[in-house]
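Reader: Please take one group of aromatic side chains in this model and examine it closely. I should also like to see how it stands beside the rest of the protein, including the nonpolar cores and a pocket.

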Amino acid sequence: MKKKSFIVCLVAALMVFAMLPAQASAASKHEKALNKLKFSGVSKYDTKLPSNGKKQSNKQFQKAYSKAIKNTKQSKKGNTWYGTSLHFNKQKDAESGEWVISSASKSKYWSKIANGKDFHASRGESTQLKDWNGKLNQKPQLYISTEDKKYYHNYGWQKKSKKGSHTRSRKKKAASGDNNNAGTGTGKTKRSNYIIYKDQKVLGQKCFVYSYVETYTSKSGNTTNTTTNTHYIWQSRKTGSQIKSVDVNDNGNYTSTSISFTQKRVNKKASFYKVPKSVKFKRTTYS
């Protein structure tokens with residue numbers, strides 16, 4: 001019952017906002033807890049979904065949302081986004097009806113802030129606390145992503161390993177009309193049923209809490225497919241950062257949770273994104 005397409009992309013979702021330097025001590029405390037976290041401790045972060053909220057029209061919600069983030073502030077110092085996060089998925093057992101955490105991982109990442117001159121670069125570490133096969137507390141997996149004039153490069157290796165993989169993909173110029181000929185299928189996303197709940201604290205931060213239903217409809221030939229998910233969001237009233245999100249699939253028997261433990265800007269030298277010379281990478285090239 002793996003729904004990989006439903007898994008939240010951690011890096012894309014957690015790099016939107018940055019934490020204020022004034023919160024560094026609190027972030028450090030929570031980050032230390034995440035660094036020590038094993039799978040047995042993940043259930044601590046599996047809290048109940050909010051309830052008894054107030055339904056909002058689209059217009060009402062947008063007004064409340066704008067008010068909630070109106071006075072939020074974010075740091076503008078530093079050339080790199082740095083973050084740490086926890087992600088886990090839950091499934092309802094078909095026979096017993098009980099909920100189980102089917103997979104969990106923790107990660108940290110650094111992503112160079114683009115300034116229009118340099119190529120993009122990122123670096124990260126991801127640790128599977130439980131994979132889809134039930135294996136617990138695996139060794140961290142490291143990665144570095146860079147680019148040059150011709151290729152996108154992705155390097156991956158296990159911590160302390162002397163071997164890794166290097167995949168590079170040739171950059172392609174978009175052909176004229178490509179945007180209009182991306183395929184025969186079409187898709188449309190619609191958000192509705194906004195609900196605002198009482199404020200809650202997540203990792204010590206007071207959050208504006210809301211949910212909405214997202215319906216995605218795609219057509220391919222004569223076939224129409226519709227997927228409906230409910231998204232719950234906890235957003236910091238101090239920084240505007242999204243601290244927590246929970247997605248519930250249309251059947252209500254699968255949830256995906258992401259929690260951001262650290263979000264801030266730091267300074268990193270260009271050499272930070274260089275691949276280690278001690279690791280031998282086997283290269284694969286895609287045209």
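Author: A residue counts as buried when its relative accessible area is under 20%. F61 has a relative accessibility of 4%, and therefore it counts as buried. The model in which this value was computed is a predicted one. Y210, at 8% relative accessibility, falls under the cut-off as well and so counts as buried.

These two residues belong together. A pair of aromatic rings is described by the distance of the centres and the angle of the planes. The model contains 15 aromatic pairs. In the pair of F61 and Y210, the ring centres lie 4.9 Å apart and the planes make an angle of 50 degrees, an arrangement classed as tilted. Because F61 sits in helix α3, residues 58-69, and Y210 in strand β9, this pair ties together parts of the chain that are 149 residues apart in sequence.

Y210 also pairs with Y65, with 6.0 Å from centre to centre and 80 degrees between the planes, which is edge-to-face. This second pair again links distant parts of the chain, since Y65 is in helix α3 and Y210 in strand β9, 145 residues apart. Ring pairs join F61, Y65 and Y210 with Y194, F208 and Y212 in a cluster.

For the setting of the cluster, one may turn to the protein as a whole. It has three helices and 13 strands. Of its 287 residues, 39% count as buried. Among contacts between residues at least 6 apart in sequence, 60% join residues at least 24 apart.

The nonpolar cores come next. The largest has 23 residues, and V42, Y45, L86 and F88 are those with the most contacts inside it. The elements that contribute two or more residues to this core are β2 (80-92), β3 (99-112), β8 (186-202), β9 (205-220), β10 (223-236), β11 (242-248) and β12 (254-266). Apart from this core lies another, of eight residues, among them A68, Y194, I196 and Y210. Y194 and Y210 are thus members of that core and also of the aromatic cluster.

Within the largest core, V42 is in contact with L37, F88, I101, A104 and L129, leaving aside neighbours within four places in sequence. F88 is also touched by S103, whose contacts under the same exclusion include H87, N89, K130, D131 and W132. S103 lies in strand β3 and, at 6% relative accessibility, counts as buried. S103 and Q128 are 25 residues apart in sequence, with a C-alpha to C-alpha distance of 8.0 Å.

Strand β12 holds V266. Not counting residues up to four places away in sequence, V266 touches G78, N79, T80, Y82 and W110. V266 and K77 are 189 residues apart in sequence, and their C-alpha atoms are 7.3 Å apart in space.

As for the pocket, the second largest one holds about 250 Å³ of space. Its lining consists of 16 residues, of which N35, K106, E125, T127 and P140 are the closest to the centre. Helix α2 (24-36) and strands β3 and β4 (122-130) are the elements that give two or more residues to this lining. By class, the lining has four nonpolar, six polar and six charged residues.

Notes. Residues are numbered from 1 along each chain as its sequence is written. This is a predicted model: local features need pLDDT of at least 70, side-chain atom pairs count only at pLDDT 80 or more; totals for chains, interfaces and linings use all residues. Side-chain values use heavy atoms; hydrogens and water are left out. A nonpolar core is a set of buried Ala, Val, Leu, Ile, Met, Phe, Trp, Tyr and Cys residues joined through side-chain atoms within 4.5 Å. Buried means under 20% relative accessible area, exposed over 50%, partly exposed in between (1.4 Å probe, protein chains only). Helices (H or I, at least four residues) and strands (E, at least two) are DSSP runs, numbered from the N terminus. Contact means heavy atoms within 4.5 Å. On a 1 Å grid over the protein atoms alone, a cavity is a set of points where a 1.4 Å probe fits but cannot get out, and a pocket is an open set with protein on both sides within 12 Å along at least five of seven lines; lining residues have an atom within 4 Å of a point. Grid points are joined across faces, edges and corners, and a volume is the space filled by probe spheres set on the points. Ala, Val, Leu, Ile, Met, Phe, Trp, Tyr, Cys and Pro count as nonpolar, Asp, Glu, Lys and Arg as charged, and the others, Gly among them, as polar. Rings of Phe, Tyr and Trp (its six-membered ring) pair if their centres lie within 6.5 Å; planes under 30 degrees apart count as stacked, over 60 as edge-to-face and the rest as tilted.
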